Structures are given as structure tokens and as C-alpha cells.
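Welcome! Here is a short briefing to help you find your way around a new structure. Take a look at the sequence and the model, then read on.

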Amino acid sequence: MDFPWLVWLETCESTNTWALHHADRLYGGQVIYTQAQTRGRGQYNRPWQSPQGVLTASFILPDSPAIVAPSVQAGIAVMRALSGLRPALDRHLQLKWPNDVMAQGKKLAGILCERCSPWLVVGVGLNRCVDVEAMGLPQAMSLHQLLDPWEAVPTDLDLLATIRAELLWCWQRSQGAGVAAQRDFLRGRSLTLVQGEQRWQGIGVGISDRGTLQLRLTNGEVREFSSGHVIYSP
């Protein structure tokens, strides 16, 4: 099958980095993909492990002020894609604000959105078939673990095509942030939100329609945050 939108790289340091360096040659809807990412990046330039079995790709989307909380919307798109391919997965999937897809309390996928006008580069790292125990990743979940023994794990190409379609759908309709409240992994959890040297403690009370994290502080005030690192109690 021909995928004219797919840029398949034998190897690269990071699909997001590659996309940012070649932004002037790209167009909306393209997907940068590799099976051998050597220096993956997460939020705040933290390293992202990309062992064998991790789907690593970057999706090129038009940037627009109308897109509210792109990481949240991208997370919703990834969950829609997985549920569309394997409907039984739907009950397992949640969004950990701002950019992680969770399953059974563990991280299934991470998202990194970066701007390079006129594009928004949406990097997705999805644990497709990873031996998380052998890799020493106790807080990670792999897609194959969530499926029944008789269910085939979706191929990389099926995942890429379906995630791409859902991202384009969400971007065209600015969908996602409102839906996230129904899938909020942090709701009701005791949290610490870190922004630089500042820390706020409280209870998660939901993701707003604007894609912000709502936190009930220890003094009872509900405050919204558009960015930050979350530390939560398992």
C-alpha cells in the first residue's frame, strides 16, 4: 500500500528534531517515522527511551491560535485511534495532563508538541510491543499487554495512518479539550505541580475546556495551570 504522506527514515536521533530541521520542506499531514530513534526527547528535554517495540513518529499539523492545548488534543486523538482499531481498549485509556496516555495506571504513550511556523510538530512515542519488565520500566504499559491473546497488535502502519487521521480530524474541528475531562487520569488525585522553583499542592479537579489543569489547593482555592510538571500519588 502506498503512503505518500509518510517519510520513513532508517534511523534518526529524534523524529521531532528531524522535522524541525526540515520544516521548510514539509507539508501538513506528513508523518516522520523511524524504527530506530537514538535520542528521543520528552518534555523539558528529558530523554525518551525508544527500545525495540516503541512506535516513534512525528505528525506535521498546521499551527493555529484556534488549537487549544495541542498536547491534550493530541492525546485525545491517540486514544480515539487506539479505540477505533481495537474497541475493547477504550475502557483502559485515560489522559494524564498534559501529554501522557495512560492505561491501567501506567504510561502507554507520550506526546511532545513543538512549534516551527507554520507547523506544529506532534511527536508520539507509543509502547506497541515492549518488554517493559526486561527494560526496567515498571511504570510503563505496552499495547500488546492490553489485548486478548487472540487479538493481533495493530501494525506500525495501521497505527500511523489511524493516529494521523484522528489528529487531522481533531485539528479541523478543534476537538479534544472538552472530551479530556471525561478521561482525566489526575482527577481526584493528590498532586504537586512544579513550575521552576514554585510548587503547588492540592487535589486534581479536572481538565478545563481550555485544556488547563484545575487544582484545588490546600487552602480550598481552585487554580488553573496551563503548564508545569505534575508529581502525583500512585
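**A first look inside**

Leaving aside residues up to four places away in sequence, Val122 touches Asn16, Ala57, Ser58, Phe59, Leu61, Ala74, Ile111, Leu112, Cys113 and Trp171. Please keep in mind that this is a predicted model. The points below move from the cores to a helix, then to single residues, cysteines and aromatic rings.

**The nonpolar cores**

- The largest nonpolar core has 55 residues, and Val122 is one of those that touch the most other members. The others in that group are Phe59, Leu82, Trp97, Leu108, Leu160 and Trp171.
- Helix 2 supplies the largest share of this core, with 8 residues.
- There is also a second, separate core of 10 residues, including Val7, Cys12, Ile32 and Trp119.

**Helix 4 and its buried side**

- Helix 4 runs over residues 156-173, which makes 18 residues. At 1.5 Å a residue it should span 26 Å, and its end C-alpha atoms are indeed 26 Å apart, so the two values agree.
- Which residues of helix 4 are buried? They are Asp156, Leu159, Leu160, Ile163, Glu166, Leu167, Cys170 and Trp171.
- These buried residues cover an arc of only 140 degrees around the axis, so they sit on the same side of helix 4.
- What do the buried residues of helix 4 pack against? Their partners are strand 1 (6-9), strand 2 (31-34), strand 5 (54-62), helix 2 (70-85), strand 9 (119-127) and helix 3 (143-146).
- Two of the buried residues of helix 4, Leu160 and Trp171, also appear among the residues that touch the most other members of the largest nonpolar core.

**Ser71 in helix 2**

- Ser71 is part of helix 2. Its relative accessibility is 15%, so Ser71 counts as buried, the cut-off being under 20%.
- Not counting residues up to four places away in sequence, Ser71 touches Pro98, Asn99, Ile111 and Cys113. Ile111 and Cys113 are also among the residues that Val122 touches.

**Cysteines**

- How many disulfides does the structure hold? The count is 0.
- Cys12 is in no disulfide, and the nearest cysteine sulfur, that of Cys116, is 16 Å away. A disulfide would need the two sulfur atoms within 2.5 Å. Cys12 is buried, because its relative accessibility is 9%.
- Cys116 is in no disulfide either: for this residue the nearest cysteine sulfur is that of Cys113, 14 Å away. With a relative accessible area of 24%, Cys116 is partly exposed.

**Aromatic pairs**

- The structure has 4 aromatic pairs.
- One of them joins Phe3 and Trp5, whose ring centres are 5.2 Å apart. Their planes stand at 85 degrees, so this pair is edge-to-face. Phe3 is buried at 16% relative accessibility, and Trp5 is buried at 11%.
- Another pair is formed by Phe185 and Tyr232, with ring centres 5.4 Å apart and planes at 90 degrees, so it is edge-to-face.
- Phe185 lies in the loop between helix 5 (177-180) and strand 10 (190-195), and Tyr232 lies in strand 14 (residues 229-232), so the pair ties together parts that are 47 residues apart in sequence.
- Is Phe185 buried or exposed? Phe185 is buried, with a relative accessible area of 4%, whereas Tyr232 is partly exposed at 23% relative accessibility.

Conventions:
Residues numbered from 1 in each chain as written. Predicted model: local features only at pLDDT ≥ 70, side-chain atom pairs only at ≥ 80, totals over all residues. Heavy atoms only, no water. Buried < 20%, exposed > 50% of the residue type's maximum accessible area, 1.4 Å probe, protein only. Helix = DSSP H or I, 4+ residues; strand = E, 2+ residues; numbered from the N terminus. Expected span 1.5 Å × (residues − 1). Arc of directions from axis to C-beta. Contact = heavy atoms within 4.5 Å. Core = buried A, V, L, I, M, F, W, Y, C linked by side-chain atoms within 4.5 Å. Phe/Tyr/Trp six-rings, centres within 6.5 Å; stacked < 30°, edge-to-face > 60°.
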